[in-house]
Amino acid sequence: WSEEWSDAMVIVRAEYTAEDYRRQGRELVERYYKRWHPFNQTITVDLEKKVELELADGAEPVKVIGYIDRLARASDGWYEVHDYKTSRSLPTKADLEADPQLGFYALAVKAMWPDIPGVRLVWHYVTFGETLVVTPTEESLRGVRESLLVRIRAVRAATEFPPNVTRLCDWCEYKVVCPAWVHPLAVDAARRGGVLATLPDALDGVKLVDTLADLEDKKSALALE
């Protein structure tokens, strides 16, 4: 922690400090270690295992790539896909059975090792010390495959790409060219360059949008009161 930590790290939750995260991380690792030591339940095949799956979609095949947190082999010969979550809520079994990420991993593992008897999906929710397991059926995996193809076709057919603004935007490499951020970034650049006051004509629209946004915030606040 001391070697990797720097002031460049961004803490997104205002109620937490760096020390809170360090302490929580230590507690989660200790809890996991105590539960699974001496770690002889399975044999780890690989960590951050890159898996690939080629899907036939018409004349042009599509390759889908993912990375498995931990791939393991159990004593019965089954392969297990282990995924580690720090979520603050637990999903239902139905949520897990519909999870497209690990469903894709199961398809990829079965394609890469066709002779194994089967694949189990294992979620470790380390915040709760809970481990949840789902054994996908052939029917459910067919559903995952078709769902992937539907998404791929939608991407290929898309002609409009509306932005989806979330807190992850702060880490996005395309923020500077994203239409959702053109106005905020332009205003920030103008203010830092000291040109906002010197270019009234060019930035009249920006000022109007700022004023409108401020009024909308005040209106929302009044409505809550």
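In the predicted model, Tyr21 is partly exposed, with a relative accessible area of 30%. Its ring is paired with that of Tyr16: the two centres lie 5.2 Å apart and the planes meet at 35°, so the pair is classed as tilted. Tyr16 is likewise partly exposed, at a relative accessible area of 25%. A further tilted pair is formed by Tyr32 and Trp36, whose ring centres are separated by 6.3 Å and whose planes are at 45°. Both residues belong to helix H1, where a spacing of 4 residues places Tyr32 and Trp36 about one helical turn apart. Trp36 counts as buried, its relative accessibility being 18%. Tyr32 and Trp36 also take part in an aromatic cluster that is completed by Tyr33, Phe39 and Tyr84. Over the structure, the count of aromatic pairs comes to 8.

The protein chain comprises 225 residues, of which 26% count as buried. Its secondary structure consists of 6 helices and 5 strands, arranged along the sequence in the pattern α-β-β-β-α-α-β-β-α-α-α. Among contacts in the chain with a separation of 6 or more, 56% are made by residues 24 or more positions apart. The accessible surface of the chain amounts to about 15,800 Å², and carbon and sulfur atoms contribute 56% of this area.

Part of the surface is occupied by a nonpolar patch composed of Trp1, Trp5, Met9 and Ile11, which together present about 390 Å² of accessible area. Of these residues, Ile11 lies in the segment before helix H1, the helix that spans residues 18-36. Ile11 counts as partly exposed, with a relative accessibility of 32%.

Charged side chains were examined next. Side chains of opposite charge can pair when their charged atoms come close. The whole structure contains 14 salt bridges. One of them joins Arg120 to Asp76, with the closest N and O atoms 3.0 Å apart. This pair links distant parts of the chain, since Arg120 is located in strand E4 (residues 119-125) and Asp76 in the loop between strand E2 (62-74) and strand E3 (79-85), at a separation of 44 residues. The two partners fall into separate accessibility classes: Arg120 counts as buried at 16% relative accessibility, whereas Asp76 counts as partly exposed at 41%.

A salt bridge is also formed between Glu138 and Lys110, for which the closest N and O atoms are 3.4 Å apart. Here, too, distant parts of the chain are linked, with Glu138 in helix H4 (residues 138-157) and Lys110 in helix H3 (residues 100-112), 28 residues apart. Glu138 is partly exposed, with a relative accessible area of 47%, and Lys110 counts as partly exposed at 26% relative accessibility.

The side chains of Lys175 and Asp170 meet in another salt bridge, with an N to O distance of 3.2 Å. Lys175 is buried, its relative accessible area being 17%, while Asp170 is exposed, with a relative accessible area of 56%. In addition, Asp20, Arg23 and Glu27 are connected through a network of salt bridges.

Cysteine pairing was considered last. A disulfide is a covalent bond between the sulfur atoms of two cysteines. The search of the whole structure returned 0 disulfides. For Cys169, the closest cysteine sulfur is that of Cys178, at a distance of 6.4 Å, which is too far for a bond; the cut-off applied to a disulfide is 2.5 Å between the sulfur atoms. Cys178 is correspondingly in no disulfide, its nearest cysteine sulfur being that of Cys169. Cys169 is buried, with a relative accessible area of 10%, and Cys178 also counts as buried, at 17% relative accessibility.

Notes
Residues are numbered from 1 along each chain as its sequence is written. This is a predicted model: local features need pLDDT of at least 70, side-chain atom pairs count only at pLDDT 80 or more; totals for chains, interfaces and linings use all residues. Side-chain values use heavy atoms; hydrogens and water are left out. Patches are made of residues with over 30% relative accessible area and no salt bridge: like charges are joined within 9 Å, nonpolar side chains (Val, Leu, Ile, Met, Phe, Trp, Tyr) within 5 Å. Accessible areas come from the Shrake-Rupley method with a 1.4 Å probe; for residues, only the protein chains shown count as cover. A salt bridge is a side-chain nitrogen of Lys or Arg within 4 Å of a carboxyl oxygen of Asp or Glu. Helices (H or I, at least four residues) and strands (E, at least two) are DSSP runs, numbered from the N terminus. Buried means under 20% relative accessible area, exposed over 50%, partly exposed in between (1.4 Å probe, protein chains only). Contact means heavy atoms within 4.5 Å. Rings of Phe, Tyr and Trp (its six-membered ring) pair if their centres lie within 6.5 Å; planes under 30 degrees apart count as stacked, over 60 as edge-to-face and the rest as tilted.
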